[in-house]
Structure formats: structure tokens, C-alpha cells
Amino acid sequence: MTKNPNTKIKTIGIPSEEEIRQAQIDFSPRCSSAGRVNDKETQKMVRYILDFARKHSLFVLAYGTGCGAIEIPATMTSRYDAERFGIRGAATPRQADVLLITGYLSTKTLKRVIRVYEQMQDPKYVIAFGSCTINGGMYFDSYNTINALDRYLPVDVYIAGCMPRPESVIKGFVKLQELIQNGNAGNGECYRKNLDWYRENQQKVIKNWNFPDEYNW
Amino acid sequence: MNNIIQKINQTFTLKAKQKNENQLRVDVDKNLVSSVLLYLKTQLGFIHLNHISCVDWIEDNEFELVYIVWDPENKITVLVHTRIDRSNPVMENIDTIWDQANTYEREMREMFGIEFPGLVGAKEFILEDWQEIPPMRKDFDTAAYAEKTYQKRPGRENARDVREELMKRTGEELPDFAKKYSRD
């Protein structure tokens, strides 16, 4: 049996620096562009395919914050059937792409929502649902609900209405898909870049960042 | 109905009044409340506590507590009213009569600042890290607090009609039929 002459003969022992570097490049292709096609056309194509795949599998975190959550079962089930668009539920924030803020947010809930948002992995999108998230809605002078959501979290799409019907919800998701395809959606980076500004606003409302004991496991 | 009124009046020398065809109102002194409620529960069959509500009479410097109890057999409600001092609000804890009173008492403790000696779970209930005076008291200015704490979106600072705001921005004329709905 003849050996392939191109195969290097590997010695058992401590690998050299060159070998470690090569192994890292092989193992994590994103860290390096060595030996890969990296012209703009290819990047564009890869980008297009990635965005196309992302926009057709939007996993929505099953977390209803306000009364608007009552429209979500109707949107998901057979009459409006949001799964036609690739929209479906996800059980935990780490598996979800979309955080749907359904309705008013009390300051107590906002604290949890921020924690959930920061757990989600990039690319992540936020849809603000109902007029309460836009300007407070009917709770504009309440002592315990926030008025404008985008001061505390970056928002991709707003859906107006009190409450929006399933058609509007689907319209909002289609708009989000459009934004994803154009490369305008995804706000994790924006949040990280402007974290100081967001934190400052959040701290005006949330006095104490410690969670009750039953949350910290 | 008359029978119940008579029994209450005779036992406690009170003046129970009929409000509706199935509603009674009794005004009771603060110290007598638990005895009246226990009597209603054990002797007259008002076995269910519907609700305990609280009214802030800021002009009289008093809180009014209303205990709403219900007799499921005869379908009669009794409202037991009592007034307590507002500057030092302490009320007797009745969770030995009804366990569910605990929830209402915790809520009143948080929203009005009424203390119930011996209350189980006397810590924060619905609100979290609340640092102002209890929010359901009438001297708490909700709108001012909301304005101070939560920033309004520019253009919607006051509750003006949306049509007028749009008219100002776009320069369109507001049709006559829409003017009568505007608030200014």
C-alpha cells in the first residue's frame, strides 16, 4: 500500500507553534481567512444565503409580557398559521431569535425582559407589539409602566394597534423578514455599542438589580 | 332578609340597612369588625369572603375598609363598612376567620400602607423596590410621578388629539366632521 506523498508524517509529542496555529485555523474557520475565497462577491452571496435562511426560521420566545399575548395563540394556530412564514415558538431565550414584547411593560417585568434579552444570542430581533410599547398607550400616566420601549431596548419593528390583530402581527413579521433580507435588522450590536445609554435609562426606572432569591439559581 | 337585619341589629346594637334586594350594609366600629364577621360566618351562613376593599377619604383623614361577605344559599351579600385613622392606619388581622384575607391584607398594606399586626408574609407583594409613598393613596400624584420617571415620546407629551398633531406635521387641513372629536 503506497502512502500519499502529500500527507505529512506526524510525530507524537509536543506540537510546534506552527502546528498549533494551523490546527486553530482548521478548527475555527471564522478566525482566519487563510486559504479561503474572500472576495466581495462571495461574501455577498454567503450573506444572502445566511439572511435567506434566517428570515425563514424566526423562533419567537414564548414570553407574553402584557395583554397582547392573547393574540399570539390565534396567530400561531391554524386559521392564521404563522408557521407558513417560518415563525414558531421557542422555549428558552437562548434558542430564540425574536423577542416579542406583547403590550405594556411594568417596571418589574422590564427587569426580567432585559435579563431575557441579554441571554439571547445574536442575531436577535425585537418586535414591539401594541401601542403601549410605542407611547404608553392607555397606561401613559401609570405609576408602574414604562412609556417608550426603545429607551430601554433596541427595537426593530413596531406593530401599532390596541391590540393588533393577527393580520397586523403577520405583517410586522413580514416587515422584519424584509429588514433581515436587506441586512438592516439585528440589534444586538447596537445594544452593545450603546450599552451606557441604555443602562442609564434602565437605571432610572429599575432601582435594584438584584433578583429575588428564587431567581438566582 | 329582614330576619338577618333583625339578628344583626339585636346582637350588636347596629343599624344594618338594605341597599338592594340582595345587599345589606352595616357600619361597624373598628374594634367590632372581627366579632361581626365571625358572627356572620358561623351563625348566619355568610361563609364566603368576596373581597376586602379600601377607600381613601383624604378630607376626613380616614380610610374606609369594606368587607364583602356572601351567603351562597340565600344569595345575599353583606357589606361591612368600617373607618380607621389615616395618619396611623392599623387594622385587625382577620386571617384566622378566612385564610384568603391574607392576600387582600398584603395588597392593602402595600397599596395604602395599612399595617395588620401578625400578618403572614408582610413584605413587598406586587410592587418591587417601591420608594415613594404607597401608590393608591390619594396624595400620591400618579401623573406627576409618571412624567418624572418615564420619559414621554416627543410629540406625545400631552394627550392631544392625534389628528391635530398629524395636521401640524403634514400641513393638511382637518375636516370639519373631525373637529368635534378633538379635545382642545
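Student: What makes the sheet of chain B an open sheet of 5 strands, and what is the strand order?

Tutor: In this predicted model, the order is β1-β2-β5-β4-β3 in chain B, with mixed pairing, where strands are DSSP runs of E of at least two residues, helices are runs of H or I of at least four, and both are numbered from the N terminus. Two strands pair if DSSP finds at least two bridges between them, and β1 (17-20) and β3 (48-57) of chain B each pair on one side only, which makes them the edge strands. From one strand to the next, the twist averages 25°.

Student: How do you know that β1(B) pairs with β2 of chain B?

Tutor: The rule asks for at least two bridges, and 3 bridges join β1(B) to β2 (residues 23-27) of chain B, the two running antiparallel; B:Gln18, for instance, has B:Leu24 in β2(B) as its bridge partner.

Student: What are the ground rules for numbering and for confidence here?

Tutor: Residues are numbered from 1 along each chain as its sequence is written, while chains are lettered from A and ligands numbered from 1 in the order in which they are written. Because the model is predicted, local features need pLDDT of at least 70 and side-chain atom pairs count only at pLDDT 80 or more, whereas totals for chains, interfaces and linings use all residues.

Student: How do you know that the length of helix α6 of chain A agrees with its number of residues?

Tutor: The expected span is 1.5 Å times one less than the number of residues, so the 17 residues of α6 (residues 166-182) should span 24 Å, and the end C-alpha atoms are indeed 24 Å apart.

Student: Why are the buried residues of α6(A) said to line one face of the helix?

Tutor: A residue is buried if 20 or more other C-beta atoms, placed from the backbone, lie within 10 Å of its own, exposed if 12 or fewer, and partly exposed in between. By that rule A:Val169, A:Gly172, A:Phe173, A:Leu176, A:Gln177 and A:Ile180 are buried. Seen down the axis, they fall within an arc of 145°, so they line one face, the arc being that of the directions from the helix axis to the C-beta atoms. On the other side, A:Glu167 and A:Asn182 are exposed.

Student: What covers the buried residues of α6(A)?

Tutor: The cover includes α2 (40-55), β1 (58-61), α3 (71-76), β2 (87-90), β4 (125-129) and β5 (157-159) of chain A.

Definitions and conventions
Two residues are in contact if their C-beta atoms, placed from the backbone, lie within 7 Å. Axes are lines fitted to C-alpha atoms, for helices over the stretch in contact, and angles run from 0 to 180 degrees between N-to-C directions.
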